[in-house]
Amino acid sequence: MHRGMRKCLQDFLYIAVLIELLLIIFVFPITLVNRTAALSRNDREQNGRVATHWPREPTNASVDQSPLRVTRKNASQVKTFNESRELFTSPRLLRQKTTDPSENVDLWGCREIDRIAIGRILGKGTTKQVQKGEFDGRPVVVKTVSDRVNDITSCRRKKGKANIASCYRFANYKVLKEIALLQQLQHPNIAKLLGYCIRDESSGRESVRLVMEYGQPVEIRKVQWPAKLQLAIDLAELLHFLHVSPVGPLRIGDFKRDQFRKINNTLKLSDLDDLTADELSCTDQSDCFILNKDMGVPCIESVCKGFNTVANVKVAKERFFNTIFGRPPLSVKDESVDLLRVLSTEQVDTESLRNKIDLIKKQYEEATK
């Protein structure tokens, strides 16, 4: 009796949260809504949200490298419904437009996505499988929930085949979260959403698909100094945007190079489902350390105030800036050494970071005239 009640309550929570997310997605003033609103009901069934078949799925997935976490060792790395609910119910989020009026964005629906020729698997994370596809000669990235991702396999072991629908429901919810974030957080250093298709979120794998720009892995050591410097500029611009985002300062919860791609010679964040607006909770100052170091983030009213932005900058140094500025040209060696020193010992805001890197760029350009 009690098990049945718990199951009903759990299913009710899943459905309520999903409906809330879908309402938020579709009430945003996005171009997709304007397009699909003009379609007839029959057209929508054929083009907008219903998919009847999918291209065959290849095998031999490759697993991403281990992420560098910025939270305490005993802090949970599993994103909860409460975290996502707070993100999507933020009044600041609801007030923002999701498309740039200067751009004529027409997102693909199920009919277009059905035409994508699915190629090799590019990677596999905790929730999603990432594959390369091709649409009318254009390379794209297709993200879906797969039977082989950790969220599904672990949930299946715990709940059994009889309750597998709830496993897919939660995993697909995270894909929906990324769709919403991609529509909201449009920036030159964030990969563009090209389209998505939604079926029944609990019907199994590939019931929710999102399609994004395709890019190349980020190679730092193999490129010349001007290209390295441009990577640093792009990353600094992204970190500043995340600091002043419409939903408040956002932290990249799974900050590693695999989350970024080089698209049209621009560094772009390509995986958003681990972005969080929540600051880390704390009981004392040591809980707010970043990578086991006190970076001056205070514990105030059980919250590490300003943690998100400071953590982004600190981990960016470890993942990118150390390699970029570790062996600079002699003309900017002193400035590069000073930048790494400051990032190691002090709390640097994103505006100051941009200014310091811009100064290095100007000095390098002067020396190479």
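Two strands are said to pair if DSSP finds at least two bridges between them. In this predicted model, strand 3 and strand 5 meet that condition, since they pair in the antiparallel sense over 4 bridges.

**The chain as a whole**

The chain has 369 residues, of which buried residues make up 50%, and its secondary structure comes to 12 helices and 11 strands. Among the contacts with a separation of 6 or more, 68% are between residues 24 or more positions apart. The chain exposes about 18,200 Å², and carbon and sulfur atoms supply 50% of that area.

**Strands 3, 4 and 5**

Strand 5, which covers residues 208-213, pairs with strand 3 and also with strand 4, in the latter case in the antiparallel sense over 5 bridges. Strand 5 is largely enclosed by the rest of the structure, because 6 of its 6 residues are buried. Strand 4, made up of residues 193-198, is likewise mostly covered, with 6 of its 6 residues buried. Individual residues show how the strands are set against one another, and the table lists three positions with the residue of strand 5 that faces each of them.

| Residue | Opposite residue in strand 5 |
|---|---|
| Leucine 193 | Methionine 212 |
| Glycine 195 | Valine 211 |
| Valine 141 | Methionine 212 |

Methionine 212 thus appears twice, as the bridge partner of leucine 193 and as the residue opposite valine 141.

**Two residues with polar side chains**

Lysine 143 lies in strand 3, which runs over residues 138-145. Is this lysine 143 buried or exposed? Its relative accessible area is 3%, and because buried means under 20%, lysine 143 counts as buried. The side chains of lysine 143 and glutamate 178 are joined by a polar contact of 2.9 Å. Leaving aside neighbours within four places in sequence, lysine 143 is in contact with residues including Lys128, Gln129, Val130, Val208, Arg209, Leu210 and Met212, and also with Ser270 and Asp271. Glycine 123 is 20 residues away from lysine 143 in sequence, while their C-alpha atoms are 9.8 Å apart in space.

Glutamine 259 is found in the loop between strand 6 (251-252) and strand 7 (260-263), and at 3% relative accessibility this residue counts as buried. Not counting residues up to four places away in sequence, glutamine 259 touches Asp254, Lys268, Leu269, Ser270, Asp271 and Asp274.

**The nonpolar cores**

In soluble globular proteins, nonpolar side chains tend to be buried together. The largest nonpolar core here has 63 residues, and the members that touch the most others are Leu235, Phe260, Phe320, Phe321, Phe325, Leu353 and Ile357. Helix 9, at residues 225-243, gives the largest share of this core, 11 residues. A second, separate core of 11 residues includes Trp108, Ile116, Phe135 and Val211.

Phenylalanine 260 shows what surrounds one of these core members: apart from its neighbours within four places in sequence, its contacts include Val218, Leu235, Leu238, Ile252, Phe255, Leu267 and Phe320, together with Lys268, Leu269 and Ser270.

**Helix 10**

Helix 10 spans residues 307-325 and bends by about 50° at lysine 317. This helix is mostly covered, given that 17 of its 19 residues are buried.

Methods. Residues numbered from 1 in each chain as written. Predicted model: local features only at pLDDT ≥ 70, side-chain atom pairs only at ≥ 80, totals over all residues. Heavy atoms only, no water. Buried < 20%, exposed > 50% of the residue type's maximum accessible area, 1.4 Å probe, protein only. Helix = DSSP H or I, 4+ residues; strand = E, 2+ residues; numbered from the N terminus. Core = buried A, V, L, I, M, F, W, Y, C linked by side-chain atoms within 4.5 Å. Contact = heavy atoms within 4.5 Å. Bend = angle between axes of the 7 residues up to and from the residue. Polar contact = N/O pair within 3.5 Å; in protein donor to acceptor, adjacent residues only side chain to side chain. Areas by Shrake-Rupley, 256 points an atom, 1.4 Å probe, with all protein chains shown as cover.
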